[in-house]
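The following note sets out some points on the model for discussion. Each point is kept short and concerns one part of the structure.

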There are 2 protein chains.
Amino acid sequence: MQSAPLSIGKLARLTDVKIPTIRFYEQIGLLPEPDRTESERRVYGDAAVRRLSFIKHARQLGFSVEAIRALLALTDDPDRPCEEANALAAEQLAEVEEKISRLTALRAELQRMVAAGCHGRAGDCRVIEALSDDSQCEHGRPLNLAEV
Amino acid sequence: MQSAPLSIGKLARLTDVKIPTIRFYEQIGLLPEPDRTESERRVYGDAAVRRLSFIKHARQLGFSVEAIRALLALTDDPDRPCEEANALAAEQLAEVEEKISRLTALRAELQRMVAAGCHGRAGDCRVIEALSDDSQCEHGRPLNLAEV
DNA sequence: ATGCATCCTCTAGCCACTAGAGGAGCAAGG
DNA sequence: CCTTGCTCCTCTAGTGGCTAGAGGATGCAT
């Protein structure tokens, strides 16, 4: 039951992943180099659909490309023990929980700011005041700027 | 009550912002170009500490550099009306809430995966299975890959 | 034959930093 | 005075995960 071969555009529509992204995944080695037509156009089969769906889903769950690479290595070799997959999922879960708790703290602070509001000159603005003065907020010192 | 002039290193320690980041903020115009010593070393005063703290705090709250630029323009001109600040804060709050709800959905899915676990070959791994099969999860189609 | 969609490669851009090379200056101990 | 080691300078390039655009070739329908 092999389905008809797919162009990159059809693969993109099927999986809802953009064409340049598919080429990018190929470039970084998440997707294997596909067969080509005489005129160098990429031709995909079922396996590519499955693999790309896997990648997409894992990305949606926040797995990094490196983590996905590891997970794909496991799927490529189903006899390997899969503690690694367990570990990766647990790690990812921990990261998500961490992010949620950070964001919840931020939400509280933003809610305070928005509730205070201000309706005049920027000089008396509560929002700006709140931003200037971080003494009354405690969303942790080591709040890594990059990845909130 | 002007405090002593600060080197970039002291400013970095005081505000807990890395030196290259300070130079970067100067480059993109969030911080003004400071005075220099004869040997071209940057010299900062109190105002820089306040401005950099403001920037840092806003970044921690997830404001983009562009939003911060707008907020700084308000602080620089306290007679301007500050609906803009209100709007920026509200927008930021909405974004944070959006992220929280996405992450909460992801957490649920990851929790399911981790709870199912697997203890053998990757071939029977529930984690990998869950990633391969997105039929049983519903964290929304338009889950923008970039910004979960 | 024409026209438009799709595909190709290649390069550069996005955000908010971060890291490193290669060099100059400054302060303190011997 | 000299050396050692820290701090600073500029500049370029790298990170992650794409996304956009140039400039050209091909495929398909009319």
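1. In this predicted model, the side chain of B:S7 places an N or O atom 2.8 Å from a phosphate oxygen of DNA strand D. Two further side chains approach phosphate oxygens of this strand: A:S39, with an N or O atom at 3.0 Å, and B:R36, with a polar side-chain atom at 3.1 Å. The elements contributing two or more residues to the surface near DNA strand D are helix 2 of chain A and, from chain B, helix 1 and helix 2.

2. DNA strand D has 19 residues around it, and those that come nearest are A:Y25, A:R59, B:S7, B:G9 and B:R23. Of the atoms of DNA strand D that come within 4 Å of the protein, 83% belong to sugar and phosphate. Helix 2 of chain A supplies the largest share of this surface, with 3 residues. By class, the residues near DNA strand D comprise 6 nonpolar, 5 polar and 8 charged.

3. DNA strand C is likewise surrounded by 19 residues, of which A:G9, A:R23, A:R42, B:Y25 and B:R59 come nearest. Sugar and phosphate make up 85% of the atoms of DNA strand C that come within 4 Å of the protein.

4. The phosphate contacts of DNA strand C include both backbone and side-chain atoms. A backbone N or O atom of A:R42 lies 2.9 Å from a phosphate oxygen. The side chains of A:R36 and B:T21 each have an N or O atom 3.1 Å from a phosphate oxygen of the strand. Helix 1 (8-15) and helix 2 (19-27) of chain A, together with helix 2 of chain B, are the elements that give two or more residues to the surface near DNA strand C.

5. Which element gives the most to the surface near DNA strand C? Helix 2 of chain B does, with 3 residues. The residues near DNA strand C divide into 6 nonpolar, 5 polar and 8 charged.

6. Within chain B, helix 1 (residues 8-15) packs against helix 2 (residues 19-27) at an angle of about 105 degrees, and their axes are 9 Å apart. Angles of 65 to 115 degrees count as roughly perpendicular, so this description applies to helix 1 and helix 2 of chain B.

7. The contact between these two helices of chain B involves B:I8, B:G9, B:L11 and B:A12 from helix 1 and B:I19, B:I22 and B:R23 from helix 2. The residues of this contact are 5 nonpolar, 1 polar and 1 charged. B:G9 and B:R23 are also among the residues that come nearest to DNA strand D.

Terms used. Residues numbered from 1 in each chain as written. Chains lettered and ligands numbered in written order. Predicted model: local features only at pLDDT ≥ 70, side-chain atom pairs only at ≥ 80, totals over all residues. Heavy atoms only, no water. Axes fitted to C-alpha atoms, helices over the stretch in contact; angles between N-to-C directions. Helix = DSSP H or I, 4+ residues; strand = E, 2+ residues; numbered from the N terminus. Parallel < 35°, antiparallel > 145°, perpendicular 65-115°, else oblique. Contact = heavy atoms within 4.5 Å. Nonpolar A, V, L, I, M, F, W, Y, C, P; charged D, E, K, R; others polar. Near = heavy atom within 4 Å. Polar contact = N/O pair within 3.5 Å; in protein donor to acceptor, adjacent residues only side chain to side chain.
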